Amino acid sequence: MMKKRLMTLASLTLSLCFLLSGCSGSKSAGTEPAGTGTVQQAEAVSDENTEEAQVPSTAMEPAASGAQTETTAPEETGTTAETVSAAAETTVPEDTTIRSILTNEEIDPELKNQRPLAVMYPINYEAQPQYGLNKVDVFYEMIEEGNMSRQMGIIQDWQGLDMIGNIRSTRSYFVLEAMRYDPIMIHFGGPIDWLKPVTDREDLDNLNGVGGVLGGDYGAYFRVNNGKAMEHTAYTSAEYIRNACALAGYKLEIRPEYYEERQFYFNAPDDRNTLEQYEDSIPATNIDMSGAFPVTQSSLVYNPEDHKYYKYLYGEPQCDAVTGEQMAFDNVIIQEAKFKYVGNHGYVDLDTISRGRNAYVLTEGRCVPAHWWRKDVHKHTTYYYKDKTRIHLNTGKTMIFIIRDHLDTFALDGVSYSTQGEPLTPAY
């Protein structure tokens with residue numbers, strides 16, 4: 001919220017507001033870093049994010065996107081009516097920029113209150129490439145059974161998409177993670193025993209392609225004869241989703257009771273956080289997740305020219321089926337979670353609502369060890385440093401890997417790290 005300071009001029013009170021102020025596509029250069037983001041990192045995690053966390057007396061308030069700098073009011077002088085009028089004419093107009101809570105990028109005002117989609121994408125080699133990936137704002141990968149993983153895309157600007165998918169089944173922990181965004185869940189079934197308690201929730205709106213006890217499809221899907229196995233032929237579109245939501249009685253606008261206007265903490269768009277202010281941050285330009293996802297061998301490579309991490313799957317660029325654009329992210333998060341096996345088919349259950357677990361935040365070609373906490377299904381996840389200050393992301397898209405603690409490994413610039421013990425402990 002904009003901070004204001006009153007200035008008295010010749011018995012007239014004038015309020016002045018100041019504003020701070022592989023793939024076919026080529027990689028365009030981005031904006032050069034404007035700073036280290038040190039000020040933004042000094043914001044301590046509040047009690048809503050850690051019970052014992054207290055704001056240090058020396059902590060500085062963050063200059064997040066759109067934040068205001070408080071200025072000292074000038075002393076009173078013998079100001080005339082003419083100078084008061086001139087001062088009023090120089091008042092900076094209010095900033096009406098609408099920014100996405102998912103990326104901090106400027107968006108069309110009509111998108112501000114639109115519910116996003118949470119789309120379940122298969123990760124099988126034969127299912128690539130897929131439609132709608134170019135519109136994904138936050139992308140997840142989590143393990144399923146048999147060492148196979150699946151991906152979920154959170155899409156805010158979906159109304160113009162003529163084809164989305166192909167679509168596959170979901171798992172309970174994907175849904176519980178997605179519910180922080182109050183989305184419309186797009187999936188094609190799932191294991192009934194472990195998913196039904198979640199799909200039965202009144203606060204979840206889901207379009208289930210197979211119908212039945214996990215929820216209706218309401219005509220949301222269509223099949224495409226793409227020469228692939230049947231499980232890779234289910235698709236949807238913006239028009240189909242709109243019509244299905246009308247039949248199901250689902251709102252397309254966010255529901256305030258299930259919605260939080262903060263999803264991530266961002267630096268200001270013109271202030272790149274380099275992570276160099278953290279004493280234990282390390283270079284991280286190549287991210288190899290094959291120790292957590294041995295089948296897909298997901299990885300990302302950092303391009304310093306445009307400050308983005310480019311996504312690879314099975315050693316090949318992961319691209320959108322329409323544009324041919326390779327998926328790229330400004331931020332990458334590796335998040336350890338407690339897990340257990342359930343049922344007789346090796347199903348995995350991941351705990352995405354927890355506290356104190358290890359995490360790793362990567363941006364601008366560096367990585368800093370962190371911790372994470374999320375206290376409720378409708379709350380965001382906070383990533384914070386060991387001194388309990390929040391870690392701010394850079395404006396742009398985010399890739400999140402949720403992996404199994406005390407089991408999975410990953411590699412940064414050729415060095416393998418274990419999820420056992422302290423953060424960034426080399427796996428020997």
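Q: Is Gly212 buried or exposed in this predicted model?
A: Let's start with its place: Gly212 lies in the loop between β8 and β9. A residue counts as exposed when its relative accessible area is over 50%. The relative accessibility of Gly212 is 62%, so Gly212 is exposed.

Q: How far apart are the C-alpha atoms of Gly212 and Gly189?
A: Along the chain, Gly212 and Gly189 are 23 residues apart. In space, the separation of their C-alpha atoms is 9.0 Å.

Q: Is Ala118 buried or exposed?
A: Now we move to strand β3, where Ala118 has its place. A residue counts as buried when its relative accessible area is under 20%. The value for Ala118 is 0%, so Ala118 is buried.

Q: Which residues are in contact with Ala118, leaving aside its neighbours within four places in sequence?
A: For a contact, heavy atoms have to lie within 4.5 Å. Leaving aside the neighbours within four places in sequence, the partners of Ala118 are Met152, Gly153, Ile154, Ala178, Pro183, Ile184, Met185 and Ile186.

Q: What is the distance in space between Ala118 and Asn206, C-alpha to C-alpha?
A: In sequence, 88 residues separate Ala118 from Asn206. From C-alpha to C-alpha, the distance is 9.2 Å.

Q: Why is β3 largely enclosed by the rest of the structure, and how many of its residues are buried?
A: In a regular strand, side chains alternate between the two faces of the sheet. In β3, Leu117, Val119 and Tyr121 are buried on one side, while Ala118 and Met120 are buried on the other. Both faces of β3 are therefore covered. The strand is largely enclosed because the number of its residues that are buried is five of the five.

Q: Which residues are the bridge partners of Val119 in β5 and in β7?
A: Strand β3 runs antiparallel to β5 (residues 149–155), with five bridges joining them. With β7, β3 has three bridges, and these two strands run parallel. In β5 the partner of Val119 is Gly153, and in β7 the partner is Ile186.

Q: Which buried residues of helix α5 lie on the same side?
A: Helix α5 spans residues 238–248. Its buried residues cover an arc of only 125 degrees around the axis, so they lie on the same side of α5. They are Ala238, Ile241, Ala244 and Cys245.

Q: Which exposed residues sit on the face of α5 turned away from its buried side?
A: The buried residues of α5 pack against β3, β6, β7, β8 and β10. The face turned away from that buried side carries the exposed residues Ala246 and Leu247.

Q: What is the phi of Gly249, about?
A: Gly249 comes just after α5. Its phi is positive, at about 80 degrees.

Q: Which strands stand at the edges of the open sheet of three strands?
A: The order of this open sheet is β6-β10-β9, and the pairing is antiparallel. Two of these strands each have a single partner strand, so one side of each is left without a neighbour in the sheet. Those edge strands are β6 (164–165) and β9 (222–223).

Q: Which residue in β10 stands opposite Ile164?
A: Strands β6 and β10 (residues 234–236) pair in the antiparallel sense, over two bridges. Opposite Ile164, in β10, stands Thr236.

Q: Which residue in the turn between β20 and β21 has a positive phi?
A: Strands β20 and β21 run antiparallel and are joined by eight bridges. Across this pairing, Asn358 stands opposite His371 in β21. The two strands form a hairpin with two residues between them, and the turn residue with a positive phi of about 55 degrees is Glu364.

Q: Which residue in β20 is the bridge partner of Ile334?
A: Strand β17 (residues 331–337) is joined to β20 (residues 355–363) by five bridges, and the two run antiparallel. The partner of Ile334 in β20 is Tyr360.

Q: How many residues lining the largest cavity are nonpolar, polar and charged?
A: Rolling a probe the size of a water molecule over the atoms shows where empty space is left. The largest cavity holds about 80 Å³ of space. Its lining includes Ile101, Gln114 and Arg180. By type, the lining residues are six nonpolar, three polar and three charged.

Conventions
Residues are numbered from 1 along each chain as its sequence is written. This is a predicted model: local features need pLDDT of at least 70, side-chain atom pairs count only at pLDDT 80 or more; totals for chains, interfaces and linings use all residues. Side-chain values use heavy atoms; hydrogens and water are left out. On a 1 Å grid over the protein atoms alone, a cavity is a set of points where a 1.4 Å probe fits but cannot get out, and a pocket is an open set with protein on both sides within 12 Å along at least five of seven lines; lining residues have an atom within 4 Å of a point. Grid points are joined across faces, edges and corners, and a volume is the space filled by probe spheres set on the points. Ala, Val, Leu, Ile, Met, Phe, Trp, Tyr, Cys and Pro count as nonpolar, Asp, Glu, Lys and Arg as charged, and the others, Gly among them, as polar. Two strands pair if DSSP finds at least two bridges between them. Helices (H or I, at least four residues) and strands (E, at least two) are DSSP runs, numbered from the N terminus. Buried means under 20% relative accessible area, exposed over 50%, partly exposed in between (1.4 Å probe, protein chains only). The arc is that of the directions from the helix axis to the C-beta atoms.
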